[in-house]
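I opened the notebook for another look around a fold. Here is what I looked up, entry by entry, in the order I went.

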Amino acid sequence: MPITATVRPASRLITPTDHTLVLIDFQPQMAFATQSIDGVSLRNNAALAARAAAGFQVSTILTTVAARSFSGPMFDEVTDAFPQHELIDRSTMNCWEDANVVAAVNAIGKPRVVLAGLWTSVCIVGPALAALEQGYDVLVLTDACGDITSEAHERAVARMVQAGAQPMTALQYLLELQRDWGRADTYELTTGIARELAGAYGVGIAYATAMFGASEG
């Protein structure tokens, strides 16, 4: 039988309202030992994800581990996007073993979770595997994660993918939330974040706007 295409997005594509973003342990003590990604890129990608979520009003959980006693405060690039947000501090390495984090996930009640943070092999693998086992769709912003070696990061990503998690990047996350340049109400938000944080793509947007007033809408 012939296949008939229809004009509709794949159900696996995320929307601003179908998921909870969980940003985990973007803290100095965790970043000091991170070697799989350079610090500038890590902070940039974390900021990109945070700004995207805040701009599109995505349900977001910010959680730290031992913030006062050992690991330090969450990156300003993340918390600045959510100035009124309460952070959940934990003792557990796996945030899915913390009752307050799980209560926040349940209170939001979304069927998907998107994860990013430090380190990939511990603080991201733990909640990813738990959420998958409990029936959630799980996506991981792999370039907004990092680990003590590239090997540790890559093996962690492979382990999560084999279990059913879907990898994506921070820029992909932003653009998937927008998905149509005809959505004028978030056009300036999306291109503004990209101009500032999306590397060469952002430079291209700035150039096209400045030189001949171009826009993708």
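**Entry 1: strands β4, β5 and β6**

I began with the pairing of strand β4 (residues 112-118) and β5, which run parallel and share six bridges. The model is a predicted one, so I kept that in mind for every entry. At the end of β4 I looked up Leu-118 and found its bridge partner in β5 to be Gly-146. The connection came next: β4, helix α6 (residues 120-133) and β5 form a right-handed β-α-β unit.

On its other pairing, β5 meets strand β6 (residues 166-168), again in the parallel sense, over three bridges. There I noted Val-140 standing opposite Pro-167 in β6. Helix α7 (residues 150-163) links this pair, and β5, α7 and β6 make a right-handed β-α-β unit.

How many residues of β5 are buried? I found eight of its ten, so I wrote down that strand β5 (residues 137-146) is mostly covered.

**Entry 2: Leu-42, a neighbour of β5**

I moved to Leu-42, which sits in helix α2 (residues 39-55). Is Leu-42 buried or exposed? Its relative accessibility is 2%, and therefore I logged Leu-42 as buried, the cut-off being under 20%.

I then listed what Leu-42 touches beyond four places in sequence: Phe-26, Ile-37, Phe-75, Leu-118, Ala-144 and Cys-145. I checked the spacing to Cys-145 as well: 103 residues separate it from Leu-42 along the chain, yet their C-alpha atoms are 7.1 Å apart. Leu-118 turns up in this contact list and also as the bridge partner of Gly-146, which made a handy cross-reference for me.

**Entry 3: odd backbone angles**

I kept a reminder at the top of this entry: most residues other than glycine have a negative phi, and most peptide bonds are trans.

Which peptide bond is cis? I found the one from Leu-118 to Trp-119, with omega near -20 degrees. Trp-119 belongs to the loop between β4 and α6.

For phi, I picked out Ala-66, which is not a glycine but has a positive value of about 45 degrees. Ala-66 is placed in the loop between β2 and α3 (67-71). Arg-179 was another entry, with a positive phi near 60 degrees. I located Arg-179 in the loop between α8 (170-178) and α9. With a relative accessible area of 32%, Arg-179 is partly exposed.

**Entry 4: helix α5**

Which residues of helix α5 (residues 99-108) are buried? I noted Val-101, Ala-104 and Val-105. Looking down the axis of α5, I saw that its buried residues keep within an arc of 100 degrees, so they line one face of the helix. These residues pack against β2 (59-65) and β3 (88-90). On the face turned away from the buried side I found the exposed residues Ala-99, Asn-100 and Ala-107.

I looked at both ends too. At the start of α5, a side-chain oxygen of Asp-98 comes to within 3.0 Å of the backbone nitrogen of Asn-100. Just after α5, Gly-109 has a positive phi of about 75 degrees.

**Entry 5: helices α9 and α10**

I ran a length check on helix α10 (residues 199-212): its 14 residues should span 20 Å at 1.5 Å a residue, and since the end C-alpha atoms are 20 Å apart, the two agree.

The buried residues of α10 are Gly-202, Ile-205 and Ala-208. They take up an arc of only 125 degrees around the axis, which puts them on the same side of α10. The opposite face carries the exposed Ala-200, Val-203, Ala-210 and Met-211. I found α9 (184-197) among what covers the buried residues. After α10 comes Gly-213, with a positive phi near 60 degrees.

From the α9 side I looked up Thr-191, which is buried at 2% relative accessibility. Its side chain reaches the backbone oxygen of Tyr-187 at 2.9 Å. Beyond four places in sequence, Thr-191 contacts Trp-181 and Ile-205.

Ala-194 is also in α9, and at 1% relative accessibility Ala-194 counts as buried. Setting aside neighbours within four places, I logged its contacts as Leu-174, Tyr-201, Gly-202 and Ile-205. Leu-171 lies 23 residues from Ala-194 in sequence, with 7.8 Å between the C-alpha atoms.

How values were computed
Residues numbered from 1 in each chain as written. Predicted model: local features only at pLDDT ≥ 70, side-chain atom pairs only at ≥ 80, totals over all residues. Heavy atoms only, no water. Helix = DSSP H or I, 4+ residues; strand = E, 2+ residues; numbered from the N terminus. Buried < 20%, exposed > 50% of the residue type's maximum accessible area, 1.4 Å probe, protein only. Contact = heavy atoms within 4.5 Å. Arc of directions from axis to C-beta. Polar contact = N/O pair within 3.5 Å; in protein donor to acceptor, adjacent residues only side chain to side chain. Pairing = 2+ DSSP bridges. Right-handed = clockwise from strand over helix to strand, strands pointing away. Expected span 1.5 Å × (residues − 1).
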